[in-house]
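Work through the exercises below with the coordinates open. Each task is followed by a solution in steps.

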Amino acid sequence: MNRAFGYPAVLSDGPVLLRPYLRSDAQAWSEVRQLNQRWLAPWEATPIGPWAQMNSTAAFKQVYKGLRAAAKEGEAMPFAICLRPPEGGPERFVGHINLGNIVRRAFASAYCGYWIDSRAAGQGIMPTALALVVDHAFNAAGLHRVEINIRPENKASRRVVEKLEIREEAYHPHYMFIDGAWRDHIGYAVTVEDIVGDGGLLRRWHRLRSTPPQ
């Protein structure tokens, strides 16, 4: 892979660790995906086969191959989201975040998608992961803009960007084929200029987490 693209990379903040996928992630990835079918399936592109089959350890081999190929071409930056226990010991795989459809030169933009194990949701892990990825995109990867498109009904995912005060800027009718139909999406976006005053999105997140609700 070409490190000039800003990848591979390892990013962390507190217990949250983002790293490239490993072949050895197959079992943990499959277990989390199988357990979270009802949590994840309504928000993901309609699979071409049964959930159990498309999220098996065997399927991970093709997922891993595709992610590595996209990263090698500089088209994506996929990260496994892991938690490091405070007492030490092995990290725990809890989710996925990816910068995809990366376009450089004058556009310098990417789309971000993510998902998390329902057992780890609501703990500030995903906003931290998104902040880490956006800061990495703007610094090491030299991008200027990151977009996140979310179904209006997906309140948990929308809450992630809202916690970070990422700008809502568009509504996309019939945007993507998900859960058996063409679904509308709300478009959120953040540019370098949006967060320069905060010293980065992660610093903004730390500030917002420490500020009592009004």
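**Exercise 1. Two crossing helices**

In which kind of crossing does α1 pass α4? Determine the geometry, then list the residues that meet.

Solution. Keep in mind that this is a predicted model.

- Step 1. Locate the helices. Helix α1 covers residues 26-35, and helix α4 covers residues 57-72.
- Step 2. Take the axes. They come within 9 Å and cross at roughly 110°.
- Step 3. Classify the angle. The range from 65 to 115 degrees counts as roughly perpendicular. α1 and α4 are therefore roughly perpendicular to each other.
- Step 4. Assign the hand. α1 passes α4 in a right-handed crossing.
- Step 5. List the contacts. Ala26, Gln27, Trp29 and Ser30 of α1 meet Thr57, Phe60 and Val63 of α4.
- Step 6. Sort them by class. The contact of α1 with α4 has four nonpolar residues, three polar ones and no charged ones.

**Exercise 2. A loop residue beside α1**

Place Ser56 and find which residues Ser56 touches beyond its sequence neighbours.

Solution.

- Step 1. Find the element. Ser56 sits in the loop between α3 (51-54) and α4.
- Step 2. Check a distance. Ser56 and Gln27 are 29 residues apart along the chain, and their C-alpha atoms are separated by 8.2 Å.
- Step 3. Collect the contacts. Leaving out residues up to four places away in sequence, Ser56 touches Trp29, Ser30 and Gln34.
- Step 4. Link to Exercise 1. Trp29 and Ser30 also belong to the α1 residues that meet α4.

**Exercise 3. The largest nonpolar core**

Which residues of the largest nonpolar core touch the most other members? Follow one of them outward.

Solution.

- Step 1. Start with the background. In soluble globular proteins, nonpolar side chains tend to be buried together.
- Step 2. Name the residues. The largest core has 45 residues, and Leu18, Ile97, Tyr114 and Leu130 touch the most other members.
- Step 3. Find the main contributor. Helix α5 (residues 125-138) supplies the largest share of this core, 10 residues.
- Step 4. Follow Tyr114. With residues up to four places away in sequence not counted, Tyr114 touches His96, Ile97, Met126, Leu130, Ile148, Ile150, Ser157, Val160 and Val161.
- Step 5. Look for a further core. Another one, of 14 residues, lies apart from it, with Tyr21, Val32, Tyr64 and Trp115 among them.

**Exercise 4. A second helix pair**

At what angle do α5 and α6 pack? Compare the class of the angle with the cut-offs.

Solution.

- Step 1. Read the geometry. α5 and helix α6 (residues 155-163) pack at about 55°, with their axes 9 Å apart.
- Step 2. Classify. That angle makes α5 oblique to α6.
- Step 3. Assign the hand. α5 passes α6 in a right-handed crossing.
- Step 4. List the contacts. Met126, Pro127 and Leu130 of α5 meet Val160, Val161 and Lys163 of α6.
- Step 5. Sort them by class. The contact of α5 with α6 has five nonpolar residues, no polar ones and one charged one.

**Exercise 5. Buried or exposed?**

Is Glu147 buried or exposed? Then treat Ala108, Asn101 and His174 likewise.

Solution.

- Step 1. Set the cut-offs. Buried means under 20% relative accessible area, and exposed means over 50%.
- Step 2. Apply them to Glu147, in strand β6 (residues 145-150). Its relative accessibility is 11%, so Glu147 counts as buried.
- Step 3. List its contacts. Not counting residues up to four places away in sequence, Glu147 touches Ser109, Ala110, Tyr111, Cys112, Tyr188 and Ala189.
- Step 4. Turn to Ala108, in the loop between β4 and β5 (109-116). At 10% relative accessibility, Ala108 is buried.
- Step 5. Check a distance. The C-alpha atoms of Ala108 and Val146 are separated by 8.9 Å, with their positions 38 residues apart along the chain.- Step 6. Take Asn101, in strand β4 (residues 92-103). Its relative accessible area is 59%, so Asn101 is exposed.
- Step 7. Take His174, in strand β7 (residues 167-178). At 58% relative accessibility, His174 counts as exposed.

**Exercise 6. Backbone checks**

What is the omega of the peptide bond that joins Tyr7 and Pro8? Inspect phi of Asn101 and His174 as well.

Solution.

- Step 1. Read omega. The value is about 5°, and the bond joining Tyr7 and Pro8 is cis.
- Step 2. Place the proline. Pro8 is in the segment before β1 (11-13).
- Step 3. Read phi of Asn101. The value is near 50°, positive in a residue other than glycine.
- Step 4. Read phi of His174. This value is near 50°, again positive in a residue other than glycine.

Methods: Residues are numbered from 1 along each chain as its sequence is written. This is a predicted model: local features need pLDDT of at least 70, side-chain atom pairs count only at pLDDT 80 or more; totals for chains, interfaces and linings use all residues. Side-chain values use heavy atoms; hydrogens and water are left out. A nonpolar core is a set of buried Ala, Val, Leu, Ile, Met, Phe, Trp, Tyr and Cys residues joined through side-chain atoms within 4.5 Å. Buried means under 20% relative accessible area, exposed over 50%, partly exposed in between (1.4 Å probe, protein chains only). Helices (H or I, at least four residues) and strands (E, at least two) are DSSP runs, numbered from the N terminus. Contact means heavy atoms within 4.5 Å. Axes are lines fitted to C-alpha atoms, for helices over the stretch in contact, and angles run from 0 to 180 degrees between N-to-C directions. Angles under 35 degrees count as roughly parallel, over 145 as roughly antiparallel, 65 to 115 as roughly perpendicular and the rest as oblique. A crossing is left-handed if the near helix is turned anticlockwise from the far one by less than a right angle, and right-handed if clockwise. Ala, Val, Leu, Ile, Met, Phe, Trp, Tyr, Cys and Pro count as nonpolar, Asp, Glu, Lys and Arg as charged, and the others, Gly among them, as polar.
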